[in-house]
Amino acid sequence: MKPFCRDTWVEVDLNAIRANVEAFRRHIPAATGIMAVVKADGYGHGAVHVGQEALSSGADSLAVAMLDEAVVLREAGITAPVLVLGYTPVESVAIASRWGIELTASHAEWVEQAEAELTRAGAQPIGIHIKTDTGMGRLGVRDADELLQVVEALEHSPHLNWTGIFTHFACADEEDTSHARAQHERFQALLSALRTAGKTLPRVHCCNTAAAMVFPEWGYDTIRLGIGLYGLYPSPYLKQQAVLQLTPALSLKTRIAHVKTAAEAMTVSYGATYTAKPGETIATLPIGYADGFSRLLSNRGAVLHAGSRAPIVGRVCMDQIMVKIQSETAQVGDEVVLYGRQGMEEISLDEVAGLVGTINYEIPCMLNYRIPRVYRRDGEVTEVFHPLTMT
Ligand SMILES: Cc1ncc(COP(=O)(O)O)cc1O
């Protein structure tokens, strides 16, 4: 039995994941590692499968946003180092200890509370990376005094090992590099302050995809590779620069569920915002905004059928969309590409992001539990994972 009962699915090309890791491997210094960022369920691609492929392709650790995401990786049998990049409530630190997961600290009080919690729980020690805020304005210590307070709190915490220090760039994907350079200078000053205070530095990291592309020499001990792992560029500017050749890993596909040719003028979908002319062929596809296919694509987006673009007509519904098919021979069951390539045509995540007024990062992250993920290697299906039925 097919593991899913609606003909709409994501395809993830594991060869592309491997190729993207190898492209960065060739670009960054040999001594710099690769931490594959698989938060948000691997940017919608599937954290476990992408994490495993990244680790077998040259990455040596993984990163996620929250502890729950890290536990999923461990429950799937992944034993590589996993870092939680976001804030973890102190009440949960014993879970990190149980699964051997590294956490991020941004202030000394959290360290003291975490130590007390681990002592209370009789837990094993965990690794801690200190986050420094050099200009992202999100999490992290802001100056050398704060940083030294966190280091000293860690030095007085038998259950917390200082295993890393990092910062995150806000503008490394932009043509103007002044903000990124200023952040890097602040980061270097913080590292110098630690050395002056006689501290031995643990793993140091700062680069996201954009910084790794533009400033590979800032790789330090590891880069944190997110969007580039999935074959997407951090910005239109860096896509145009094409410092690296990346291969998009995700496609979104479906099959025609219904097709008709208008005998006379015919309105389509809620609000009757589109009127098909006599002779136009309209196909109905089983995907909608409840799947994470944006309603902003109503009367704006397009799909690929028989190697041609077919415009979305009428409003995107919760579970279905309608498209104006070019070919006379369209049939129920024909494959349609919503994101990705078909023949010589492509609908890129960049194009879709532009149509809905967001960035390419958000588009795959929106695809939710209703859409099964089909993994392919060398063109063959290796596994199907359906979040709706396989929890
Ligand atoms: C702290 C942190 N680090 C790294 C990333 C990955 O960024 P890209 O997807 O742009 O590579 C995200 C993030 O929040």
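In which strand is the place of H305? In this predicted model, H305 sits in strand β15. With a relative accessible area of 6%, H305 falls under the 20% limit and is therefore buried. The side chain of H305 is joined to that of D334 by a polar contact of 2.8 Å. Once residues up to four places away in sequence are set aside, the residues that H305 touches are I256, I325, S327, A330, D334, E335, V336 and Q342. D334 thus appears both as the polar partner of H305 and in this list of neighbours.

Two serines offer a companion view of buried positions. S298 is placed in the loop between β14 (281–285) and β15 (302–305), the latter being the strand that holds H305. Is S298 buried or exposed? The relative accessible area of S298 is 13%, so this serine is buried. Leaving out neighbours within four places in sequence, S298 makes contact with G314, R315 and V316. As for I282, a separation of 16 residues in sequence from S298 goes with a C-alpha to C-alpha distance of 14 Å. The second serine, S348, lies in the loop between β19 (345–347) and α11 (349–356). S348 has 13% relative accessibility and therefore counts as buried. What does the side chain of S348 reach at 2.9 Å? The partner is the backbone nitrogen of E351.

Attention now turns to the aromatic residues. How many aromatic pairs does the structure hold? There are six. One of them is formed by Y43 and Y230, whose rings are stacked, with 4.7 Å from centre to centre and 25° between the planes. This pair brings together distant parts of the chain, as Y43 belongs to helix α2 (residues 39–43) and Y230 to the loop between β9 (222–225) and α10 (236–241), 187 residues apart. Both Y43 and Y230 are buried. Y43 also pairs with Y361, this time in a tilted arrangement at 6.2 Å centre to centre and 35° between the planes. Here again distant parts of the chain are linked: Y361 is in the loop between α11 and α12 (362–366), 318 residues from Y43 in helix α2. Together, Y43, Y230 and Y361 make up one aromatic cluster.

Why does Y43 count as buried? The relative accessibility of Y43 is 7%, and buried means under 20%, so Y43 meets the criterion. Y361, by contrast, has a relative accessible area of 27% and is therefore partly exposed. The backbone of Y43 deserves a word too: phi is positive, at about 50°, although the residue is not a glycine. A272 is another residue other than glycine with a positive phi, near 45°. Whereas Y43 lies in helix α2, A272 is found in the loop between β12 (266–268) and β13 (274–276). With 40% relative accessibility, A272 counts as partly exposed.

Helix packing completes the picture. Two packed helices are described by the angle between their axes and the distance between the axes. For helix α1 (residues 14–27) and helix α3 (residues 47–57), the angle is about 45° and the axes are 9 Å apart. That angle makes α1 oblique to α3. The crossing in which α1 passes α3 is right-handed. Which residues of α1 and α3 meet? On the α1 side they are L14, I17, R18, V21 and E22, and on the α3 side H49, V50, E53, A54, S56 and S57.

A further packing arrangement involves helix α7 (residues 144–155) and helix α8 (residues 178–196), whose axes come within 10 Å and cross at roughly 50°. This makes α7 oblique to α8. As with α1 and α3, the crossing of α7 past α8 is right-handed. A144, L147, L148 and V151 supply the α7 side of the contact, while L190, A193 and L194 supply the α8 side.

Note on methods. Residues are numbered from 1 along each chain as its sequence is written. This is a predicted model: local features need pLDDT of at least 70, side-chain atom pairs count only at pLDDT 80 or more; totals for chains, interfaces and linings use all residues. Side-chain values use heavy atoms; hydrogens and water are left out. Helices (H or I, at least four residues) and strands (E, at least two) are DSSP runs, numbered from the N terminus. Buried means under 20% relative accessible area, exposed over 50%, partly exposed in between (1.4 Å probe, protein chains only). A polar contact is a pair of N or O atoms within 3.5 Å; within protein, one must be able to donate a hydrogen and the other to accept it, and residues adjacent in sequence count only if both atoms are side-chain atoms. Rings of Phe, Tyr and Trp (its six-membered ring) pair if their centres lie within 6.5 Å; planes under 30 degrees apart count as stacked, over 60 as edge-to-face and the rest as tilted. Axes are lines fitted to C-alpha atoms, for helices over the stretch in contact, and angles run from 0 to 180 degrees between N-to-C directions. Angles under 35 degrees count as roughly parallel, over 145 as roughly antiparallel, 65 to 115 as roughly perpendicular and the rest as oblique. A crossing is left-handed if the near helix is turned anticlockwise from the far one by less than a right angle, and right-handed if clockwise. Contact means heavy atoms within 4.5 Å.
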